[in-house]
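Visitor: I'd like a close look at one part of this protein. Could you walk me through the side-chain contacts there and the pieces they tie together?

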Amino acid sequence: MHYLPDDNSRYKDVDYWDERYKTEQSYDWLGSFCKFQHLLEKHVGKDDSILILGCGNSSMSSDMYIAGYHSITNIDYSSVCISTMSARHSDCPGMTWHEMDVQQLSFPDATFDVVLEKATLDAIMVEEKTPWEVSPQTACFIHKALTEISRCLKPGGRFVSITFANPFFRKRLYARAEYNWSIKKYTYGEGFQYYVYVMTKGEELSPEDAALEKKLLEDTKSPPTVVTTTQNEPEEEFLSNIDL
């Protein structure tokens, strides 16, 4: 593909994305909004204030706007992306665009009803190769991001994470009492399944998820882990190398 970098590590480089967004019109990781709309409608209200992390040049925000979600804040660390998308959707009142790092969200506590990410956390882990642990640097990055997400959610707010990642491994990232949320899992897709995790702020972890957290702390005290995916999907080649 024209936009494939020479090395997967480039997916973590903002300069790569700035160059890519100068010419690429749109790309949707894990399918378009219509593929999982039926799931979002159960957890995201039309009047909810929504934050989308790592928005990129995906059509998801505009598709959601057309579907009636009119309070959408989009962030991405690429200035080119934010400039392009802001100009492209300038006719959408209530939808805003901001250059921002997911580790340092510039919003007050309890700002949003919903925080949504689609493959953003997957891309952060692009260089991780072992299914049983991530590097300390990546583990720290993920923890900072999840802490910020929890902070910005209103009581009863939902963090919706759309990913390739199998629950056996992804729950190791999310099942922490300090984030102050419960976890529910859903799937979509034909043949190959994608996962939608819904974390609800202020609800306790299930006994199963609390036991998972306890076991991880007792057994290894190591960072959360990720799982290898080897499916050949119509995504970019690097996605088949991400251990989710």
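Guide: What follows starts at one helix and works outward to the strands and rings.

Keep in mind that this is a predicted model. Let's begin with helix H7, which covers residues 167–174. Its Arg-170 makes a salt bridge with Asp-122, with N and O 2.8 Å apart. The partner, Asp-122, belongs to helix H5 (residues 120–124), so this contact links distant parts of the chain, 48 residues apart. Are the two ends of this bridge buried or exposed? Asp-122 is buried at a relative accessible area of 1%, and Arg-170 is buried as well, at 0%.

Stay on H7 and go to Tyr-174. Its ring pairs with that of Tyr-197: the centres are 5.9 Å apart and the planes sit at 70°, so you're looking at an edge-to-face pair. For that label the planes have to be over 60 degrees apart. Tyr-174 is in H7 while Tyr-197 is in strand E7 (residues 194–201), so the pair ties together parts that lie 23 residues apart in sequence. Tyr-174 and Tyr-197 are both buried. There's one more ring to check around here: the charged end of Arg-172 sits over the ring of Phe-168, 4.9 Å from its centre.

A little further along the chain, Glu-178 and Arg-176 form a salt bridge too, with an N to O distance of 4.0 Å. That value is right at the cut-off, as the nitrogen must be within 4 Å of the carboxyl oxygen. Unlike the buried pair above, this bridge has an exposed end: Glu-178 has a relative accessible area of 53%.

Now swing over to helix H6, residues 136–152. Here Arg-151 and Glu-148 meet in a salt bridge at 2.9 Å, N to O. They are three residues apart in the helix, so about one helical turn separates them. Arg-151 is partly exposed at 24% relative accessibility, whereas Glu-148 is buried at 14%. The contact doesn't stop at the two of them, either: salt bridges with shared partners join Asp-109, Glu-148 and Arg-151 into one network. Across the whole structure there are seven salt bridges.

For the strands, turn to E1, residues 50–53. Which faces of E1 are covered? Both are: Ile-50 and Ile-52 are buried on one side, and Leu-51 and Leu-53 are buried on the other. That fits the usual pattern, since side chains in a regular strand alternate between the two faces of the sheet. E1 pairs in the parallel sense with strand E2 (residues 72–76) over three bridges, and Ile-50 has Ile-72 as its bridge partner in E2. E1 also pairs in the parallel sense with strand E4 (residues 112–118), over four bridges; there, Ile-52 is partnered with Leu-116. Between E1 and E2 you'll find helix H3 (residues 60–66), and together they make a right-handed β-α-β unit.

Finally, back to the rings. The structure holds 13 aromatic pairs, and ring pairs link Phe-33, Phe-36, Phe-164, Tyr-188, Phe-192 and Tyr-194 into a cluster. Elsewhere, Lys-46 has its charged end over the ring of Tyr-69, 5.4 Å from the ring centre.

Note on methods: Residues numbered from 1 in each chain as written. Predicted model: local features only at pLDDT ≥ 70, side-chain atom pairs only at ≥ 80, totals over all residues. Heavy atoms only, no water. Salt bridge = Lys/Arg side-chain N within 4 Å of Asp/Glu carboxyl O. Helix = DSSP H or I, 4+ residues; strand = E, 2+ residues; numbered from the N terminus. Buried < 20%, exposed > 50% of the residue type's maximum accessible area, 1.4 Å probe, protein only. Pairing = 2+ DSSP bridges. Right-handed = clockwise from strand over helix to strand, strands pointing away. Phe/Tyr/Trp six-rings, centres within 6.5 Å; stacked < 30°, edge-to-face > 60°. Lys NZ or Arg CZ within 6 Å of the ring centre and 35° of its normal.
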